[in-house]
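Me: I would like a close look at one part of this structure, the surroundings of the ligand, together with a careful account of the elements that frame that part. Please take the answer step by step and keep it connected.

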Amino acid sequence: MTLKFGGLTALDDVTFHIEEGEILGLIGPNGAGKTTCFNAITGIYGPTSGDIRFLGDSIAGRKRFEITKLGIARTFQNIRLFRQMTALENVLVGADAQHSTGMASALFRLPKHRREEREGHERAMELLKFMGLTKRADELAANLSYGDQRRLEIARAMATNPKLICLDEPAAGFNPAEKVQLMDLIRRVRDQGYTVLLIEHDMKLVMGVTDRIVVLEFGKKIADGAPAEIRDNPAVIAAYLGVDEEDAS
Ligand SMILES: Nc1ncnc2c1ncn2[C@@H]1O[C@H](COP(=O)(O)OP(=O)(O)OP(=O)(O)O)[C@@H](O)[C@H]1O
């Protein structure tokens, strides 16, 4: 796809694919187009030209809720939780995206709606448990620690029952020990049957957790391969020269 903002080409004829069940890393220096890619995949922007296909369907330019229903979920670089809702309620909002019953059955509390509500609650508690947040279920999201908020965002994304989950810099602000835990968590997410697309600046984390990596620079794809190939790729090394030591390590 190509995606332009006025005169600026944020994505220039970028092509890549994601295999079912893989953890794909999307990396590149600041401004390379990674978040724009996520925004196009999740329906925030439509591509200027080209196409995005998901399980055989074109999703380019579709509405966000349609894309969620088709099975793509995401987290954001800057945490976007409902801060005045509890952890559990945040996850329930995610689960609501998949409810098949509408307003009328909610108003009249029809049996199917009640069943969906009960199942949604059970699933939300399972997800909180998976994230190690069971004890935080009734706390306001705003009062959770930073790490717990990041994990809650992932739980909320998983609650929409996606096939593909897109994580935008999930390790931002984490210390090394938290990053190791996050790598383990991302692997466990994949092992539960989800496909994972990951934007991350921390090279150690990306190299350690992904099956394959796509590298963008100035809106163009400059490499696509296994972590070991990417690490030794001269174009990638050149793209990263001059960035912070932490990003390059
Ligand atoms: N809504 C927008 N309007 C105009 N320009 C935008 C918009 N969103 C992104 N851009 C521009 O598109 C380019 C790619 O930005 P993008 O945020 O996708 O990069 P990124 O690789 O995610 O960077 P970072 O690692 O800093 O998050 C940048 O030049 C950015 O300024």
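Reply: What follows begins at the ligand and then moves outward through the strands, the sheet and the domains.

The model is a predicted one, and the description below should be read with that in mind. The residues around the ligand are F5, L8, A10, G28, N30, G31, A32, G33, K34, T35 and T36. Two elements, β2 (8-11) and α1 (34-41), each give two or more residues to this shell, and α1 gives the most, with three residues. Sorted by class, the shell has four nonpolar, six polar and one charged residues.

The strand side of the shell can be taken up next. Strand β1, which covers residues 3-5, pairs with β2 in the antiparallel sense over three bridges. Within this pairing, F5 has L8 of β2 as its bridge partner, and both F5 and L8 are among the residues around the ligand. The two strands form a hairpin with two residues between them, and in this hairpin G6 takes a positive phi near 60 degrees.

On the helical side, α1 is largely enclosed by the rest of the structure, because seven of its eight residues are buried. The buried residues of α1 are K34, T36, C37, F38, N39, A40 and I41; of these, K34 and T36 also belong to the shell around the ligand. Just after α1, G43 takes a positive phi of about 85 degrees.

Beyond the shell, there is an open sheet of six strands, in which the order is β6-β7-β8-β3-β9-β10 and the pairing is mixed. Its edge strands are β6 (72-74) and β10 (220-225), each of which pairs on one side only. On average, and with direction ignored, neighbouring strands of this sheet are turned by 20 degrees against each other. Inside the sheet, strand β3 (residues 23-27) and strand β8 (residues 195-199) run parallel and are joined by four bridges, with L24 standing opposite L197 in β8. Helix α7, formed by residues 176-191, lies across β3, β7 (164-168) and β8, and runs at about 150 degrees to β8.

The wider frame is given by the domain assignment, which divides the protein into domain 1 (1-71 + 163-249) and domain 2 (83-161). The contact takes eight residues from domain 1 and eight residues from domain 2. On the side of domain 1 that touches domain 2, the elements giving two or more residues are α2 (64-70) and β7, and by class this side has four nonpolar, two polar and two charged residues. Strand β7 is thus named here as well as among the strands that α7 lies across.

One residue of the second domain can be followed in more detail. A159 has its place in helix α6, which covers residues 146-159. A159 counts as buried because it has 24 C-beta neighbours inside 10 Å, the cut-off for that class being 20 or more. Leaving aside residues up to four places away in sequence, A159 touches V91, G94, A95, R123, A124 and L127. The C-alpha atoms of A159 and L92 are separated by 7.3 Å, although the two residues are 67 residues apart along the chain.

Key:
Residues numbered from 1 in each chain as written. Predicted model: local features only at pLDDT ≥ 70, side-chain atom pairs only at ≥ 80, totals over all residues. Buried ≥ 20, exposed ≤ 12 C-beta atoms within 10 Å, placed from the backbone. Contact = placed C-beta atoms within 7 Å. Near = placed C-beta within 6 Å. Nonpolar A, V, L, I, M, F, W, Y, C, P; charged D, E, K, R; others polar. Pairing = 2+ DSSP bridges. Axes fitted to C-alpha atoms, helices over the stretch in contact; angles between N-to-C directions. Domains from an automatic or database assignment.
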